[in-house]
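These are my notes on how the ligand is held and how the chain around it is organised. I took the overall division of the chain as the starting point and then turned to the binding site.

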Amino acid sequence: MTERRILQSYLGGRWISGTGPAHTPVNPATEEPLADVRGEGLDRAGALDHARTVGGPALRALTFAQRGAMLRAVTDALQAHRNELLDLAVANGGNTRSDAKFDVDGAIFTLAAYADLGKGLGEVKVLADGEGIPLARSPRFHGQHIMVPRTGVAVHVNAFNFPAWGLAEKAAVALLAGMPVLSKPATSSALVAHRMLEILTEAKVLPDGALSLLMGGAGDLLAHLGPFDVVAFTGSSDTGETIRGLPSVIENSVRVNVEADSLNAAVLGPDVAAGDETYEYFLKDVLRDMTQKAGQKCTAIRRVLVPADRADRFRDDLVGRLQGITVGNPALEGVRMGPVATASQLAYVRAGVALLARHGLLVFGRGEVQAVGVPPGKGFFTTPVLIEVESGASAPAVHSREVFGPVATLVPYSGAAAEAAELIGRGRGGLVSSVYSEDTAFTAEVVLGIAPCHGRVFLGSAKIAEASPGPGTVLPMLVHGGPGRAGGGEELGGLRGLSFYMQRVALEGSRPVIEKILK
Ligand code: NAP
């Protein structure tokens, strides 16, 4: 028997193997073991120190334009290995080729966007935050807010569903800001992130200590956080809560950003008739969000609000499309939806469906499926599942349980904007919700009703259908995150994202001196 490959960590500027029990990422379609990860015996404290003392100074010595050029080199290196990364995402992520592109190309696109932002900021190391402020009658006494890189390390803990994008979207922002990164991918889908690090270390596009990778569990990593470190976490609310409550985080006031669950909603306006262009667009986006990456997208539409007098037609149209989705081995052409990531995710999806079904009718999919192109009984497959609740039913689980799989609930409503906003608000804070309507007054009422409890609101209309990738795609120019259940975090948003990794400082003194510092 050949030994399985061991995925090493890249810590302290070198590749290093852990010890202890092996965790074995598998192909979720076939359950074939792909590699072993051993996370014990790694000097996590030393790795954080190396990032702080070697990576940090090297990054801070660069201007924003130079860091932008560095991100451009990272982008180019990954682009050169794109096909290999796509293959790994198919094998280890249960992704169809198109799902894999969503992750890998999303990573490359986001890095490129931040490379451009760096170029635009120019040859400076300090950012002015707003205009200077006269502080007295004398024009010499002056105030100015500035932003400087924090001197600690940015620890990034990522979820299993976007191993490439998750690593890239966080690292791009931190590195441009001037902070070194220690990234910890989810163990079950770690092969893509691991290969990305191999590519980047082989290409030598980053200074020593700028980007480290921890394979395996977090262990005592976060116990070693200091006052100038930050943590950006994506994953479940429970883990987010644990991280926020760690003594090291509390005692050192460590900045923590949490991206967690979300019960994203999409509402069809009462002005949209079945068969309209906007209706078709809505249908297409709901179908895509249910099935893309087997519904394992934090931004996927989970609650579908349709005027009650159109619910029958919409259900039939959506069910018709869902019937055309081939579930199977994502490596095969013609397969439209692969498995979920792990056996435990599948169990979690099944339990979630059972819970939702207590509040409504299972109108499509029972979960069990003979997946195409896999040995019988293998793989973590489910059908897409559509549940429908009665108009006016309170159905609390529909608004509180995120089923992280190809599952959505049809929620008929009266067609009133206020009711739609109230129903959406029951999700207690979300990443993104959407309004599909050509009626500006209706759109505005829903948008303003739900804006306070969301990080992003998508205005779906036939006018943007051609150009838009839909609400499920996170664009680097716009903020990603949301209040309440969604974790209370905020990432990306172009230059806005930098502020998490930088210290805002108010300078108060002589104007010429302050202006000199800013140059
Ligand atoms: P999870 O169990 O919380 O794991 C997420 C990450 O946290 C993994 O890297 C995991 O490592 C690590 N982790 C687990 N326990 C930890 C601890 N005590 N200390 C430090 N790190 C720890 O979440 P998941 O089940 O993988 O992810 C699915 C959830 O993520 C869904 O609920 C989804 O909504 C959410 N999500 C949110 C977003 C967003 O942007 N808002 C995006 C994607 C997913 P191991 O893998 O080694 O256990």
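Entry 1, domains. I looked up the domain assignment, which divides the chain into domain 1 (44-260 + 492-517) and domain 2 (265-476). I noted that 22 residues of domain 1 and 23 residues of domain 2 take part in the contact between them. I also recorded the separation of their C-alpha centres, which is 31 Å. I keep in mind throughout that this is a predicted model.

Entry 2, location of the ligand. I checked which pocket the ligand occupies and found that its space is the largest pocket. I then asked which domains supply the shell around the ligand. Domain 1 and domain 2 each contribute at least three residues to that shell.

Entry 3, the shell. I counted 27 residues surrounding the ligand. The closest are Asn-158, Thr-187, Ser-236, Thr-239 and His-480. Sorted by class, the shell holds 12 nonpolar, 11 polar and four charged residues.

Entry 4, polar contacts. I examined the oxygen atoms of the ligand against polar side-chain atoms. For Thr-187, I read a distance of 2.6 Å between a side-chain N or O atom and a ligand oxygen. For His-480, a polar side-chain atom is 2.8 Å from an oxygen atom of the ligand. For Asp-261, the corresponding distance from a polar side-chain atom to a ligand oxygen is 3.2 Å.

Entry 5, burial. I finally looked up how much of the ligand surface is covered. The ligand taken alone exposes 910 Å², and the protein buries 79% of that area.

Key: Residues numbered from 1 in each chain as written. Predicted model: local features only at pLDDT ≥ 70, side-chain atom pairs only at ≥ 80, totals over all residues. Heavy atoms only, no water. Near = heavy atom within 4 Å. Polar contact = N/O pair within 3.5 Å; in protein donor to acceptor, adjacent residues only side chain to side chain. Areas by Shrake-Rupley, 256 points an atom, 1.4 Å probe, with all protein chains shown as cover. 1 Å grid on protein atoms, 1.4 Å probe; cavity = no way out; pocket = protein on both sides within 12 Å on 5 of 7 lines; lining within 4 Å. Sits in = over half its atoms within 2 Å of the grid points. Nonpolar A, V, L, I, M, F, W, Y, C, P; charged D, E, K, R; others polar. Domains from an automatic or database assignment. Contact = heavy atoms within 4.5 Å.
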